[in-house]
Amino acid sequence: MTESTNPFLDERRRDALYGDASRLTQRTAALHSAKFEGEPVASVIAGFGQVGPGHLLDVGCGRGGTTAHLARRWWPRRVTALDASPALLAEARRRVCDNVPDGEARVGFVAADFHDIPLPDDDCDVVVAAFCLYHSPAPETVLAEFRRCLRPGGRAILVTKSADSYATLDELAAASGLAPDARSRSSLYDSFHSGNAESVVSEELRVQAVRHDRHRFQFADADHLAAYLATNPRYSHHAPESLAERFTFVLNGHGVTTESTVTYVVASAT
Ligand SMILES: C[S@@+](CC[C@H](N)C(=O)[O-])C[C@H]1O[C@@H](n2cnc3c(N)ncnc32)[C@H](O)[C@@H]1O
């Protein structure tokens, strides 16, 4: 599990990806400002509804945006926000405490690996895991942990992206000479993506619903695109200015549109 050509699966790079909140903040901001189609993910998750007022576990909570949204919308009795990165958990705590009434008392923050969740059996009513299972080379082992933590009849909501997400940007990276092999490389989302999510989840849980949403993005110019690509682990060794220089040439005064499918799998523990 330590050696991999997929930087999302390379444990040695986890610190570079999530050791502090800056890369994720920049990535989210660049994508958010480019987005022109696609319902906000936290709202879609909230719309699937809660299973009772009990215990919500948000796995791979990152900066805590979804945690805060669900803590307000569902108002569960207890929330556990779990992530491997202490720096992101600190940021999540700050955002939750600023945005959720009674957040300090109702939401707990746990630094742990999702392959080994420090909660008792049958402890949770709902487990949410958004955009994090593709960091595991064996997501089915994480799903087995979710099944163990869920009470019988409890619900899991898993969210991921399509393997061909942002393919237009790979084409540009190839055309610019930045990554001539970009079109043929395996996807960052290889281990858990829109195409395999339902079958992987069904190995451990009973799938109830699957939803695919198209999200579309327009990067206005080379600087905007470079601000996003500089947060991709494949290109992060390039300064944003040198990325922008390359893309100014290939974009030739135009912007670029790209897309990703966001897939939601709703499943229950039997
Ligand atoms: C792309 S972020 C997603 C954050 C959030 N769920 C969201 O939707 O914005 C992925 C998160 O998964 C976490 N993560 C990656 N590998 C993990 C592991 N083995 N155990 C727990 N968390 C992990 C990272 O620290 C990061 O916060």
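This tour goes from the ligand to one strand and its two partners.

Before you start, note that this is a predicted model, in which local features need pLDDT of at least 70, side-chain atom pairs count only at pLDDT 80 or more, and totals for chains, interfaces and linings use all residues. Residues are numbered from 1 along each chain as its sequence is written, and side-chain values use heavy atoms, with hydrogens and water left out.

**Stop 1: the ligand**

Select the ligand and the 16 residues around it. A residue belongs here if one of its heavy atoms lies within 4 Å of the ligand. Gly60, Asp83, Leu88, Phe114 and Ala130 come nearest. The shell holds 9 nonpolar, 4 polar and 3 charged residues. Here Ala, Val, Leu, Ile, Met, Phe, Trp, Tyr, Cys and Pro count as nonpolar, Asp, Glu, Lys and Arg as charged, and the others, Gly among them, as polar.

**Stop 2: polar atoms**

Show Asp83: a polar side-chain atom lies 2.5 Å from a ligand oxygen. Next, pick Asp113, where a side-chain N or O atom is 3.3 Å from a ligand nitrogen. At Phe114, a polar backbone atom is 2.9 Å from a nitrogen of the ligand. The protein covers 89% of the 600 Å² of accessible area that the ligand has on its own (Shrake-Rupley method, 1.4 Å probe).

**Stop 3: strand S8**

Select residues 256–268, strand S8 (strands are DSSP runs of E, at least two residues, numbered from the N terminus). Of its 13 residues, 10 are buried (under 20% relative accessible area, 1.4 Å probe, protein chains only).

**Stop 4: its partners**

Add S6, residues 150–161: S6 pairs with S8 in the antiparallel sense over 7 bridges (pairing needs at least two DSSP bridges). Find Leu158 opposite Val265 in S8. Now add S7, residues 206–219, antiparallel to S8 over 13 bridges. End at His215, which stands opposite Ser260 in S8.

Note on methods. Polar contact = N/O pair within 3.5 Å; in protein donor to acceptor, adjacent residues only side chain to side chain. Buried < 20%, exposed > 50% of the residue type's maximum accessible area, 1.4 Å probe, protein only. Helix = DSSP H or I, 4+ residues; strand = E, 2+ residues; numbered from the N terminus.
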